[in-house]
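Student: I have a structure to go through and would like to understand the labels people attach to its residues. Could you take me through them step by step?

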Amino acid sequence: MTKLLAYTDGACSGNPGPGGWGALMQAKEGDTVIKERALKGGEKLTTNNRMELLAAINALEALERPSAITIVTDSTYVKNGVTSWIHGWKRNGWKTSAKKSVKNDDLWMRLDEAQARHDVTWEWVKGHDGHEENERADELARAGMAPFKPK
């Protein structure tokens, strides 16, 4: 059986500052990668959290049909937000429990819509800890940021 995975990461040079996101998409049969796709992008002025969110969003939006996928992120912000906090935010009209606007609500709404089409499992890995695919996602994020960094 084929398993779909997306390893996602965001990067920022300054926070805010120029940033990039990366997603390494893999289709695996057992431990064998049968198909791979790399996605990346960036912005001139952004934050690390926005780039982490955009990595996951772009991975999900790249899927052409509804799919079962595991998103692997090193961002507790993304993982906790999408698996826990988002339910309360939606109930409260995109407000926090303190009645303040949710930061990055535009991207949280987009992520919520993107994942609704799919059967998504969210996994967290420690960043910069030698996890091969996470390191590759980080390289993609840095490459996505490169055009926006001052020369």
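Student: Where does I69 lie, and what makes it count as buried or exposed?

Tutor: I69 sits in strand β4 of what is a predicted model. Its relative accessible area is 3%, and buried means under 20%, so I69 is buried.

Student: Which residues does I69 touch, once its neighbours within four places in sequence are left aside?

Tutor: They are L4, L5, A6, M25, L60, L63, D119, V120 and T121. Each of these has heavy atoms within 4.5 Å of I69, which is what makes it a contact. For a C-alpha distance, take Q115: it is 46 residues from I69 along the chain, and the two C-alpha atoms are separated by 9.7 Å.

Student: What makes a set of residues a nonpolar core, and which members of the largest one touch the most others?

Tutor: The members must be buried, come from a list of residue types such as Leu, Ile and Trp, and be joined through side-chain atoms within 4.5 Å. The largest core here has 30 residues, and L53, L60, I69, I71, W108, L111 and W122 touch the most other members. The elements giving it two or more residues are β2 (17-29), α1 (48-61), β4 (68-73), α2 (76-91), α3 (105-116) and β5 (119-124). Helix α1 provides the largest share, eight residues. Apart from this core there is another, of seven residues, including L5, Y7, V125 and L140. As a general point, nonpolar side chains in soluble globular proteins tend to be buried together.

Student: Let's try a polar residue. Why is N58 called buried?

Tutor: N58 has 18% relative accessibility. The limit is under 20%, so N58 counts as buried. N58 belongs to helix α1 and touches W21, L39 and R110, not counting residues up to four places away in sequence. Its C-alpha is also 7.6 Å from that of A23, although 35 residues separate the two in sequence.

Student: How do you know that N104 is buried, and what joins its side chain to that of Y77?

Tutor: The relative accessible area of N104 is 16%, and with the limit at under 20%, N104 is therefore buried. The side chains of N104 and Y77 are joined by a polar contact of 2.9 Å; the cut-off for such a pair of N or O atoms is within 3.5 Å. N104 lies in the loop between α2 and α3. Beyond four places in sequence, its contacts are N49, R50, L53 and Y77.

Student: What about T46: buried or exposed?

Tutor: T46 is at 4% relative accessibility, so it counts as buried. T46 is part of strand β3. Leaving aside neighbours within four places in sequence, T46 is in contact with C12, N15, P16, G17, P18, G19 and M51.

Student: P16 is in that list. What is special about the peptide bond from N15 to P16?

Tutor: That bond is cis, with omega near 15 degrees. P16 is in the loop between β1 and β2. In general, most peptide bonds are trans.

Student: Why is R142 called partly exposed while H128 is called exposed?

Tutor: Exposed means over 50%, and partly exposed falls between that and the buried limit. R142 has a relative accessible area of 44%, so it is partly exposed, whereas H128 has 52%, so it is exposed. R142 is in helix α4 (residues 132-145), and H128 is in the loop between β5 and α4. The two are in contact, and R142 also contacts A11.

Student: And what is notable about the phi of H128 and of W94?

Tutor: H128 has a positive phi, near 55 degrees, and is a residue other than glycine. W94 is not a glycine either, yet its phi is positive, about 60 degrees. Most residues other than glycine have a negative phi. W94 lies in the loop between α2 and α3 and is buried, with a relative accessible area of 15%.

Student: Finally, which residues lie nearest the centre of the largest pocket?

Tutor: L4, M25, K35, R37 and L63 do, out of 15 lining residues. The pocket's volume is about 420 Å³. Its lining has eight nonpolar, two polar and five charged residues, and β3 gives the largest share, four residues.

How values were computed
Residues are numbered from 1 along each chain as its sequence is written. This is a predicted model: local features need pLDDT of at least 70, side-chain atom pairs count only at pLDDT 80 or more; totals for chains, interfaces and linings use all residues. Side-chain values use heavy atoms; hydrogens and water are left out. Buried means under 20% relative accessible area, exposed over 50%, partly exposed in between (1.4 Å probe, protein chains only). On a 1 Å grid over the protein atoms alone, a cavity is a set of points where a 1.4 Å probe fits but cannot get out, and a pocket is an open set with protein on both sides within 12 Å along at least five of seven lines; lining residues have an atom within 4 Å of a point. Grid points are joined across faces, edges and corners, and a volume is the space filled by probe spheres set on the points. Ala, Val, Leu, Ile, Met, Phe, Trp, Tyr, Cys and Pro count as nonpolar, Asp, Glu, Lys and Arg as charged, and the others, Gly among them, as polar. A polar contact is a pair of N or O atoms within 3.5 Å; within protein, one must be able to donate a hydrogen and the other to accept it, and residues adjacent in sequence count only if both atoms are side-chain atoms.
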